[in-house]
Amino acid sequence: MLTSAICPGSGFPRLLIDGRETAAMAYTTYFEERSAYADFLAAGYRIFFVNMAFTTLPINSGYTGFSPFRVGVFDDPTKPDYSEFEDAVRKILRACPDAVIFPRIYISMPRWWTDAHPAECTMTKKGGMREALFSEAFRRDGAKLLTETVRHIRAADYADRIGGWQICGGQTQEWFHPDNNGGLAAAAEPYRRWVKATYGETGAEVPPAEAFAWRGESCNTAENAVRYALFANLGVAETIEHFAQTIKTETGGKQIVGTFYGYAFESNGMVLFGSHALRRLIDSPALDFFSSPNAYAQNRAFGIDWADMIAVDSVRLHGKLSFIECDIRTYLTRAIQDVRPGEYPDDIYRTDGGASVWVGPPTAELSRAALRKSFAHQLTKASAIWWFDMWGGWYDDPLLMAELAAMKKICDAAATPTDTPRPEVVFFADEQAYAYLFNGSPHLGAITETRTAMGKTGVPFDTCMVEDAEAVLPRYQAAVFPFPVASPAGERAMALCETLGIPYLAATPTHDALSSAELRAFYRENGVHLYTAEGDVCYLGHGYLGLHSAVGGVKSLALPERCEVTPVFGAEIDTQTADRIEFTLEANETALFALRKADA
């Protein structure tokens with residue numbers, strides 16, 4: 001069995017695999033028959049996330065009924081079937097015996113379990129009865145199946161190439177409640193126990209769904225509804241921790257475990273999604289990394305920042321890793337119905353009929369631009385990357401694979417920076433504030449609007465949780481609070497800004513979205529360094545500086561001090577020592593530079 005750990009440091013993250021450092025870059029796909037394993041191996045990649053599921057019931061139980069899995073390990077309770085997972089693992093290892101495999105395990109109960117435990121389940125629109133994510137029976141029986149799975153893998157002929165684990169569950173594998181509304185129907189007893197343990201009160205009742213529906217109010221003042229919203233998120237986090245600890249116990253704590261979770265800047269218009277208790281998991285020794293996709297806002301248009309859903313700088317502050325899913329659509333992205341003919345309904349994940357998040361750019365060159373855009377963001381945030389070739393075949397082009405190989409080399413060679421410029425602005429996530437909002441409230445969309453506006457100010461920023469305000473605020477020149485209604489922790493963070501004399505700008509119920517223009521004016525008034533003109537996206541951090549162009553033309557980047565600036569890609573300039581650089585950049589393109597502080 002390989003040992004694994006997260007290597008500390010401020011540069012591009014590395015994993016320690018059996019004590020040897022390797023850049024935290026990986027590849028995965030849902031559709032193994034269309035995988036690009038050979039291409040990624042040739043490009044220098046050695047870490048692969050391989051999917052498996054306990055059931056073939058849909059991973060998207062709320063909207064589409066979609067499942068990528070043809071085999072559910074425990075669909076037959078008398079005969080576990082690991083073939084889909086093991087065929088993929090052996091395919092990789094035949095091509096590359098020293099590859100490192102991370103099982104990505106969908107912990108969701110088969111139909112025989114849901115039929116036997118109706119009181120522990122909720123009804124979904126597209127997936128029938130599914131386990132409630134806070135169910136004690138789910139935790140108990142899910143852990144039994146997980147233990148059986150881990151023991152099977154550790155006894156297999158490929159066991160010595162397993163390097164870590166990712167646990168998934170709920171809606172779209174991302175630990176959203178399967179009913180998209182907090183599991184209300186199955187919560188009576190769990191919620192009653194939680195209220196008694198938390199508040200010392202007996203006889204608590206689950207609020208009706210109407211208690212969370214927006215009717216024009218700015219803030220949910222119903223105490224029981226606020227409590228339930230907190231419970232609905234914390235219950236999911238406790239389940240994740242339980243399963244993560246199950247793996248830690250089985251592996252003797254010698255391998256890293258991660259999960260999708262902590263989408264503090266995303267709500268999909270709902271307050272009972274389940275993903276807003278990251279603070280619990282950041283503090284847990286059972287979890288080592290957290291994952292989310294690049295944000296889907298505005299269908300991943302060019303000219304905006306494809307921002308983080310999780311507060312990646314807080315994750316790093318606590319010695320953990322953000323392992324970001326970069327599922328970048330390309331001109332080769334095809335409709336799922338064409339990829340597996342006859343297996344999926346015609347009305348899901350269409351790529352025709354206009355723009356959607358499922359449609360890739362029209363050309364190979366623009367597809368490369370999308371890869372560069374995503375990469376520049378993740379590199380400057382020092383977040384790990386896995387390229388998610390969702391339906392397979394998305395990167396089947398020499399131009400794209402050459403780019404992905406070059407990115408791997410950049411990360412392999414990335415040195416820990418010393419004293420280079422870093423963002424002066426902190427953008428705060430207030431995950432518990434969702435409990436004070438309503439499903440369908442425009443305030444939820446305003447949070448995303450402000451995040452998009454932040455990316456178009458020409459000023460880079462870090463993302464942290466309000467609970468970390470005391471630890472991080474002294475690093476910054478200014479702070480932005482995008483949540484129109486603050487939790488108690490958010491209010492304390494703003495009060496701390498006032499105590500420390502750090503200027504801040506906050507959304508309010510009557511002004512719930514902050515524009516790029518007012519953000520930039522706020523920066524100018526408070527001495528924040530402006531790197532470039534409004535409109536373009538500026539990335540900065542960990543020894544790198546990037547610019548994504550909303551409009552083509554001559555670009556100028558002003559640095560706060562003289563640095564040695566070395567072009568990495570996108571800009572045809574010579575290495576130079578300067579506090580301002582100019583270059584030409586076409587619309588939709590991204591330029592990336594390495595920075596080193598100039599000698600005195």
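A residue counts as buried when its relative accessible area is under 20%. R451 has a relative accessibility of 2%, so this arginine falls in the buried class. That is a handy place to start with this structure, which is a predicted model.

R451 is found in helix α12, and its side chain meets that of E266 in a salt bridge, with 2.5 Å from N to O. This pair links distant parts of the chain: R451 sits in helix α12 (residues 442–455), while E266 belongs to the loop between β10 (256–260) and α7 (278–282), and the two are 185 residues apart. Like R451, E266 is buried. With neighbours within four places in sequence set aside, the contacts of R451 take in F265, E266, A295, A297, A307, D308, M309 and F427.

Another buried pair is made up of K381 and D313. Here the salt bridge comes in at 3.0 Å, again from N to O. K381 lies in helix α10 (residues 364–381) and D313 in helix α8 (residues 312–317), so this bridge ties together parts of the chain that are 68 residues apart in sequence.

The bridge between R192 and E189 is a more local affair, as both residues lie in helix α5 (residues 188–199), three residues apart, or about one turn of the helix. Their side chains meet at 2.8 Å, N to O. R192 has 31% relative accessibility and therefore counts as partly exposed. E189 is also in the partly exposed class, because its relative accessible area is 40%.

Some charged side chains join up in a bigger group: E136, R139, E238, E241 and R280 are linked in a network of salt bridges. Over the protein chain, the count of salt bridges comes to 33. As for the charges themselves, there are 54 positive and 75 negative side chains, and the centres of the two sets lie 3 Å apart.

Zooming out, the protein chain has 15 helices and 22 strands. A compact globule of 600 residues would have a radius of gyration near 25 Å, and the 23 Å found for this chain agrees with that. Along the principal axes, the C-alpha atoms fill a box of roughly 70 × 60 × 50 Å. Of the 600 residues, 62% count as buried. The accessible surface comes to about 21300 Å², and carbon and sulfur atoms account for 50% of that area. Contacts across the sequence are plentiful too: among those with a separation of 6 or more, 74% are between residues 24 or more positions apart.

Two spots in the backbone deserve a quick look. W175 is not a glycine, yet has a positive phi of about 65°. This tryptophan lies in the loop between β9 (164–168) and α5, and its relative accessible area is 0%, so W175 is buried. Q298 is the other spot, with a positive phi of about 55° although this residue is not a glycine either. Q298 has its place in the loop between β11 (289–291) and α8.

Definitions and conventions:
Residues numbered from 1 in each chain as written. Predicted model: local features only at pLDDT ≥ 70, side-chain atom pairs only at ≥ 80, totals over all residues. Heavy atoms only, no water. Helix = DSSP H or I, 4+ residues; strand = E, 2+ residues; numbered from the N terminus. Rg over C-alpha atoms; globule rule 2.2 N^0.38 Å. Buried < 20%, exposed > 50% of the residue type's maximum accessible area, 1.4 Å probe, protein only. Contact = heavy atoms within 4.5 Å. Areas by Shrake-Rupley, 256 points an atom, 1.4 Å probe, with all protein chains shown as cover. Lys, Arg positive; Asp, Glu negative; His and termini not counted. Charge placed at Lys NZ, Arg CZ, Asp CG, Glu CD. Salt bridge = Lys/Arg side-chain N within 4 Å of Asp/Glu carboxyl O.
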